[in-house]
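Student: Please pick a single part of this model and take me through it closely. Where should I begin, and where does it lead?

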Amino acid sequence: MLKDTRSLSRQEFVPLMALMTSLIALSIDAMLPAFPAIESAFAVSSKENLQMIIAILFLGFGFGQLVFGPLSDVFGRKPPIYWGIAIFIFGSALSGFANSFELFILGRFLQGFGGASPRIISLALIRDEYSGDSMAQITSLVMSIFIFVPAVAPTLGQGVLYFYTWREIFIVLAVTASLVWLWFGMRQPETLLPVKRKRLSRSDLLFGMRETFRQKTTRTCMLVSGLVFGIFVGYLGAVQSLFEELFDVRETFPLYFGMLALCIGSATFFNSRLVMALGMRKLILIAFTFMTVIGNLFAGYLVFFAQNAPPLWMFMAYMMMTFFSVGFLFGNLNALAMTPLGHVAGMASALLGFVQSTFSSIIGIFLGRFFQESITPLVLSFALISLVSLFLMLEERHFFNRQLEST
């Protein structure tokens with residue numbers, strides 16, 4: 001199978017990459033309706049500790065990318081994916097059968113660590129076969145399918161809870177991962193030929209690190225995506241209690257959550273059509289400009305008129321516009337960061353994911369504690385970080401244009 005280097009058709013390659021990418025998202029979003037049950041089962045003492053269910057998975061995800069990315073440059077793309085999915089399945093079983101919160105959290109860390117393998121190596125797989133705006137187009141198509149997972153995952157978790165307990169959610173996760181393993185193993189050919197593989201040596205690792213961090217575009221995209229995703233880590237840890245306590249939304253929570261997720265999905269679909277015409281940088285700048293404007297306007301309304309408690313429809317309108325803008329960011333930022341790094345794709349994707357995940361986990365843990373009782377900190381976070389990111393990306397574009405003029 002490893003000698004078969006024929007590419008899959010786009011019609012099969014895109015959904016396979018989307019499903020591989022979705023294991024982490026499924027592990028996050030399917031658990032959101034189960035937060036109260038987990039809190040009760042382990043007698044979790046505070047909302048901050050409950051947020052660790054999300055944050056610790058992202059932490060494992062960050063370290064997993066740092067391990068599996070370089071391994072994919074040494075052993076090829078397929079073996080590390082097999083190993084990672086196996087660890088993910090073990091972590092799912094550990095959390096599902098845990099009799100203490102500490103053991104449960106360890107299982108979540110292993111889920112994130114193992115799930116990093118298909119998530120990060122799929123980016124290297126895409127980079128092996130595509131580059132530039134074509135890569136951004138494929139990435140956006142993957143994201144447009146992938147985003148349906150967070151849209152339906154809370155409903156899936158709610159359905160499991162209706163018939164069983166929160167522990168059975170982890171059985172669903174383990175079975176899904178096993179199916180991904182089979183599909184990938186049987187259909188996806190190896191994309192990194194033996195002659196292109198690297199030695200696992202200190203000099204090669206240092207070379208990959210230098211090549212990654214010396215690129216200004218890559219550094220900027222790492223920082224910007226880490227900032228934006230940090231808000232999402234905090235949001236995911238607080239969203240269930242936010243809807244229940246501020247808006248008295250319980251049974252219909254998966255519906256509202258899914259509506260917001262679909263906004264990101266629809267934007268990534270449009271991005272796959274627009275990126276070839278407008279380019280990644282222009283779409284990123286447009287998205288950040290729009291987020292900055294609506295974020296500051298809505299924050300001003302909250303502070304001076306709404307006393308932190310607007311109507312649900314108004315909050316949803318703002319969040320839908322914001323999430324639609326975000327849909328133009330993640331695929332383009334990752335593709336732009338990887339553009340100059342095709343010769344060290346595995347190491348570069350690992351470092352990119354590690355920095356993003358670790359940085360966003362730290363930001364998310366810090367911000368999440370402020371998102372529990374008011375939506376104003378959430379809105380202010382989006383407004384401020386969008387403004388900072390806009391200036392960073394404008395400076396990166398100026399640098400890129402100077403580079404073009406000098407050549």
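Tutor: Start with a term. A residue is buried under 20% relative accessible area, exposed over 50%, and partly exposed in between. Remember too that this is a predicted model.

Now look at Glu395. Its relative accessible area is 35%, so Glu395 is partly exposed. The side chain of Glu395 meets that of Lys216 in a salt bridge, with N and O 2.8 Å apart. The cut-off for such a pair is within 4 Å. Glu395 belongs to helix H17 (residues 376–406) and Lys216 to helix H11, so this pair ties together parts that are 179 residues apart in sequence.

How many salt bridges does a search of the whole structure find? The search finds five. One of the others joins Arg214 to Glu211, with the closest N and O atoms 2.9 Å apart. What about cover, buried or exposed? Glu211 is buried, because its relative accessible area is 11%. Arg214 reaches 53%, so Arg214 counts as exposed. Another salt bridge joins Asp248 and Arg250, and here the closest N and O atoms are 2.2 Å apart. Asp248 counts as exposed at 58% relative accessibility. Arg250 is partly exposed at 41%.

Go back to helix H11, the helix of Lys216. It leads us inside. Rolling a probe the size of a water molecule over the atoms shows where empty space is left. Here the count comes to four cavities of 30 Å³ or more. The largest has a volume of about 600 Å³. Its lining holds 32 residues, and Phe58, Met143, Phe146, Phe229 and Phe330 lie nearest its centre. Helix H11 (216–247) is among the elements that give two or more residues to this lining. Others include helix H1 (10–29), helix H4 (52–75), helix H6 (101–129), helix H7 (132–146) and H12. Sorted by class, this lining has 22 nonpolar, eight polar and two charged residues.

Next comes the second largest cavity, with a volume of about 100 Å³. Its lining includes Thr21, Arg119, Ser122, Leu123, Thr139 and Met143. H6, H7 and H15 each give two or more residues to it. Which helix gives the most? H6 does, with four residues. This lining divides into four nonpolar, five polar and one charged. Met143 turns up again: Met143 lines the second largest cavity and is one of the residues nearest the centre of the largest one.

Now follow H12 outwards. H12 is among the elements that line the largest cavity. On the surface, Phe269, Phe270, Leu274, Leu278, Ile286 and Phe324 form a nonpolar patch. Together they have about 510 Å² of accessible area. Helix H12 (residues 253–278) gives the most to this patch, with four residues. Take Leu278, which lies in helix H12. Why can Leu278 pass the accessibility cut-off for a patch? Patch residues need over 30% relative accessible area, and Leu278 passes because its value is 38%. That value also makes Leu278 partly exposed.

So here is the route in brief. Glu395 pairs with Lys216, which links H17 to H11. H11 and H12 both give residues to the lining of the largest cavity. H12 also gives four residues to the nonpolar patch on the surface.

Technical notes. Residues are numbered from 1 along each chain as its sequence is written. This is a predicted model: local features need pLDDT of at least 70, side-chain atom pairs count only at pLDDT 80 or more; totals for chains, interfaces and linings use all residues. Side-chain values use heavy atoms; hydrogens and water are left out. Patches are made of residues with over 30% relative accessible area and no salt bridge: like charges are joined within 9 Å, nonpolar side chains (Val, Leu, Ile, Met, Phe, Trp, Tyr) within 5 Å. Accessible areas come from the Shrake-Rupley method with a 1.4 Å probe; for residues, only the protein chains shown count as cover. Buried means under 20% relative accessible area, exposed over 50%, partly exposed in between (1.4 Å probe, protein chains only). On a 1 Å grid over the protein atoms alone, a cavity is a set of points where a 1.4 Å probe fits but cannot get out, and a pocket is an open set with protein on both sides within 12 Å along at least five of seven lines; lining residues have an atom within 4 Å of a point. Grid points are joined across faces, edges and corners, and a volume is the space filled by probe spheres set on the points. Ala, Val, Leu, Ile, Met, Phe, Trp, Tyr, Cys and Pro count as nonpolar, Asp, Glu, Lys and Arg as charged, and the others, Gly among them, as polar.
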